[in-house]
Every structure is written in C-alpha cells, then in structure tokens.
Amino acid sequence: MGRSNTRVILLIIAAALILVLISLGQYSSSSAGISCVREGYLVFNKIITSPFTFIADLWKDYIYLVDTKRDNEELKKSNDALRVQSMNLEELRSENERLRLMLDFKAAHTEFSLYPASLLAQDITLVFKTAVIDKGSRSGFFVNMPIVNPDGVVGRVVAVSSHTSQILMITDPNSAIPALIASTRVKGIVKGTGGESLRLEYVRRTDDVKIGDFVVTSGLLGIFPKGLRIGYVKDIQVDERKIFADILLAPCVDMEKIEGIFGIGQDVATTD
C-alpha cells in the first residue's frame, strides 16, 4: 500500500473519531476541549470537501451554460421561423387586401369591361416611365387601352404582343391626358414630368383652382373614359405675365408600388 493511500485511510479514521467525539460531547460535556474538537472538525471538513465542492459547482455551471447555449440556439431557430411565418402571413394579408380592392373596384364599375393583369417589369428611370404586364392581344389587350387600378389611372398600352403589353405611365413626359377639375369642371391637359409629379397645363391663371382639388379624365380624344381619377392639386404658381397657371398634381396611384391593374375594354363610352 502506498503512502498516499495510507494518508487517506488515516484522515478518514481521524474524521470518524472527531465525529464520535462531537456526538458524545453534545450530551456529555460542553468543555473547551470538545469545542476545540468541533472547531477542528470544521476546518478539517472544509479542507477535505472544498475541492470536491468546487469541482461539483464548476461542473454544474458548465452543464448549465451548455444547456443555456443549446436553449438559446433553439429559441433563435424558433424565433427565425416565427419571423418568416409572420412575413409570409403579412404578404398574404397584403395580397388578399389588394385582390379585395380590385374585386370591389370591378363590382363598382360594371359599366366597364375590365381585364385584370399583373406587372412583370417596370422601368422608372429618369428617361422613361413604362411597365410590362403579363397579358397581351390574346387576353383582349390593345394599343391605347386605358390602364387603371383601384386608386386611379396608371397609363395606357403603347405596344402589344401575344402574351405581354407595354404600358406608358402617366408620369412619363410623353404622356398627355385630357382632364378636368372635378369640383369646378375646369379643363386642361395632364402631362407627366418624368418625376413623381404631374402637371396640369392650359388652365388660365384666373380659373377657379384650389390646393387639394381632384383632377379626373374628361373623356376627350376617345382614349380614357370620363371621370377616372388622375391626381389632386398640390401646388399652384400664378405669374401675372403668363396666361396659364403652373399647376402641379400628385398622382392618385403610387407608381412605384403598382402590382395588379385592369385594362378597360373598347365597349365603353368615353364622353357624354
């Protein structure tokens, strides 16, 4: 038997004797000797058990940290999955809302033959404001077909193939639509500026025009039906040296967020 084993056995025996003395001393004596024995056992117990307690605590902390890390990873995965699910639900909600608005628009305008379509591509550069949709001549689309959505006028078809069409948006500088102010019936021409605004031209500076007035299609020239919303007046500049006022409009349709549209069929009256 090695020296180390002998020391361990002696320590165990000593600890047992100390425990016996303490037990006896609890009932037989309260002398200073027994008190010293108790104090000695306390010190002995701390010396013997402290390393094991430290290792046990360290092991528990390690296991706790490992479990916590694993739990955090699982929670992160669950949170990511919930975020994706929430995004999908929000997209579905937006899609359902868009489709509901389109159905409501179609139900409210039974005087029109409306042909639904969706955007495939959109060019909103500083030069052109055009878009390509997923319907063409086989779906009843044709050149100069008016294009609208539930918010108002989007533009008109300028080129058609069998399954696609190109739209010239009302914000394009080449776009010009006969229009009138809904409240006063003052007539003018709405032209694109190439930016986010429209311009209402050929309105005399003395005509009754106010900020916030809605501008709608007049039905002239036989392309757009009468009464479709185009935009509202957001700025008026009057120069006494000019015959016409400078009037800027904000379009009713957000041209950068167009998704679903309608083409208006030919079997509709454009003017009264």
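Which side chains meet in a salt bridge at 3.1 Å, N to O? In this predicted model, the partners are aspartate 239 and arginine 241. Aspartate 239 is partly exposed, its relative accessible area being 22%, whereas arginine 241, with a value of 77%, is exposed.

This contact belongs to a set of 5 salt bridges in the structure. Side chains of opposite charge can pair when their charged atoms come close. Another of these pairs joins lysine 242 to aspartate 246, for which the closest N and O atoms are 3.7 Å apart. Lysine 242 has a relative accessibility of 40% and therefore counts as partly exposed, and aspartate 246 is likewise assigned to the partly exposed class, with a relative accessible area of 32%.

A further salt bridge is formed between lysine 191 and glutamate 201, with 3.4 Å separating the closest N and O atoms. This pair connects distant parts of the chain, since lysine 191 lies in strand 7 (residues 187-192) and glutamate 201 in strand 8, the two being 10 residues apart. Lysine 191 is partly exposed at a relative accessible area of 27%, and glutamate 201, at 22% relative accessibility, also counts as partly exposed.

Aromatic contacts were examined next. A search of the whole structure yields 3 aromatic pairs. One of them is formed by tyrosine 202 and phenylalanine 244, whose ring centres are 5.7 Å apart and whose planes stand at 85°, so that the arrangement is classed as edge-to-face. The two residues are 42 positions apart and bring together distant parts of the chain: tyrosine 202 is located in the loop between strand 8 (198-201) and strand 9 (214-217), while phenylalanine 244 is located in the loop between strand 10 (229-237) and strand 11 (246-251). Tyrosine 202, at 47% relative accessibility, counts as partly exposed, and phenylalanine 244 is partly exposed with a relative accessible area of 34%.

The surroundings of threonine 130 were also considered. This residue is found in strand 2, which spans residues 129-133. Threonine 130 has a relative accessibility of 10% and is therefore counted as buried, the limit for that class being under 20%. When residues up to four places away in sequence are left aside, threonine 130 touches Gln122 and Asp123, together with Gln166, Ile167, Leu168 and Met169.

Conventions. Residues are numbered from 1 along each chain as its sequence is written. This is a predicted model: local features need pLDDT of at least 70, side-chain atom pairs count only at pLDDT 80 or more; totals for chains, interfaces and linings use all residues. Side-chain values use heavy atoms; hydrogens and water are left out. Helices (H or I, at least four residues) and strands (E, at least two) are DSSP runs, numbered from the N terminus. Buried means under 20% relative accessible area, exposed over 50%, partly exposed in between (1.4 Å probe, protein chains only). Contact means heavy atoms within 4.5 Å. Rings of Phe, Tyr and Trp (its six-membered ring) pair if their centres lie within 6.5 Å; planes under 30 degrees apart count as stacked, over 60 as edge-to-face and the rest as tilted. A salt bridge is a side-chain nitrogen of Lys or Arg within 4 Å of a carboxyl oxygen of Asp or Glu.
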